[in-house]
Amino acid sequence: MASKIVVIDDEVQIRRMLRIALASEGYEVTEAEDGSRGIAAVVRQQPDLVILDLGLPDRDGHSVLDELRSWSTVPVIVLSVRNQDKEKVAALDAGAQDYVTKPFSVQELLARVRANLRDHLKPDTTPVLDDGALCVDLRKRQVWLNQQPVDLTPKEYAVLSKLAHAPNCVITQTQLLNEIWGPAHQEDTHYLRIVISHLRQKLGDDPGNPLYVRTESGVGYRFCMDV
């Protein structure tokens, strides 16, 4: 499958040039002209890489990067006219993988894209989680309980998948809502509570003392299984 890239830049000419160059390399490109649309595109597309301008019309690119890093580990290449060392250091310290200044060489940028995708697109090392009773196959998108298939709704599977990709780690409510429902619903915790309740029922979890999907201090949820 083609790697997906979201380009967040307010300059039409830059976006057009990047779309042509990236598409010629076989990448699937989504454009966004400001920070808010960029965040929405990342949530919607779940890309493999983001190219981010810092000088956006609605908000500074640093705040976009901060928001992305609050719920996503997608690689980010900053592309900006700002060439001061302090800007580069701030972006890299905030979680950007790379920093390219405008004007730039398209061939150099493509090389950096390839390098970042090569470093971050690693095979899933835990495609199947199985404790003898519950089996979650992340590759086949199937769930089995006591050797019987578990019928999950798309939202229920999406929540379970996000949790199971980081077993025994806390995933915040905000991250789950952002990635599955979108940024506009990050306060709608009742949506998440309902899905978690149904998910626990289907996994045979005791709601008072769940074995698999545990609530962590009102901050988020943890999928507990030895892997």
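Here is a short round of questions and answers about how this predicted model is described.

The model is predicted, so local features need pLDDT of at least 70 and side-chain atom pairs count only at pLDDT 80 or more, while totals for chains, interfaces and linings use all residues. Residues are numbered from 1 along each chain as its sequence is written, and side-chain values use heavy atoms, with hydrogens and water left out.

Q: How many helices and strands does the protein chain have, and what makes a stretch count as one?
A: The protein chain has 8 helices and 12 strands. Both are DSSP runs numbered from the N terminus: a helix is H or I over at least four residues, and a strand is E over at least two.

Q: What makes β2-β1-β3-β4-β5 an open sheet, and where are its edges?
A: Two strands pair if DSSP finds at least two bridges between them. β1 (residues 4–8) and β2 have 5 bridges in the parallel sense, β1 and β3 have 4, and β3 and β4 have 3. The sheet has 5 strands with parallel pairing. β2 (28–32) and β5 (98–101) each have a single partner strand, so one side of each is left without a neighbour in the sheet. From one strand to the next, the twist averages 20°.

Q: Which residues stand opposite each other in this sheet?
A: Lys4 has Glu28 in β2 as its bridge partner. Ile8 stands opposite Leu52 in β3, and Val50 faces Val76 in β4.

Q: How do you know that helices α1 and α2 pack on this sheet?
A: Look at what they touch, where contact means heavy atoms within 4.5 Å. Helix α1 (residues 12–24) touches β1, β2, β3 (49–52) and β4 (76–80), and its direction makes about 170° with that of β2. Helix α2 (residues 35–45) touches β1, β2 and β3, at about 170° to β1. Those angles run from 0 to 180 degrees between N-to-C directions, with axes fitted as lines to C-alpha atoms, for helices over the stretch in contact.

Q: Why is Val106 called partly exposed?
A: Buried means under 20% relative accessible area, exposed means over 50%, and partly exposed is in between (1.4 Å probe, protein chains only). Val106 has a relative accessible area of 24%, so it counts as partly exposed. You'll find Val106 in helix α5 (residues 106–120). Leaving out residues up to four places away in sequence, Val106 touches Met17 and Ala21. Val106 and Leu18 are 88 residues apart in sequence, yet their C-alpha atoms are 8.0 Å apart in space.

Q: Which residues of β3 are buried, and how do they point?
A: Leu49 and Ile51 point one way, Val50 and Leu52 point the other way, and all are buried. Across the protein chain, 46% of the 227 residues count as buried.

Q: What makes β10-β12-β11 a sheet of its own kind of pairing?
A: Its 3 strands form an open sheet, and the pairing is antiparallel. β10 (170–172) and β11 (213–216) are the edge strands, pairing on one side only. Neighbouring strands here are turned by 35° against each other on average, direction ignored. Between β10 and β12 (residues 220–223) there are 3 bridges, and Val170 has Arg222 in β12 as its bridge partner.

Q: Which helices lie against that sheet?
A: Helix α7 (residues 173–181) packs on the sheet, touching β10 and β12, and its direction makes about 60° with that of β10. Helix α6 (residues 154–164) lies across β10, β11 and β12, at about 70° to β12.

Q: Why is Val219 called partly exposed?
A: Its relative accessible area is 47%, so Val219 is partly exposed. Val219 sits in the loop between β11 and β12. Not counting residues up to four places away in sequence, Val219 touches Thr172 and Gln173. Val219 and Gln173 are 46 residues apart in sequence but 6.3 Å apart in space, C-alpha to C-alpha.

Q: How do you know that far-apart parts of the sequence meet in the protein chain?
A: Among contacts with a separation of 6 or more, 56% come from residues 24 or more positions apart.
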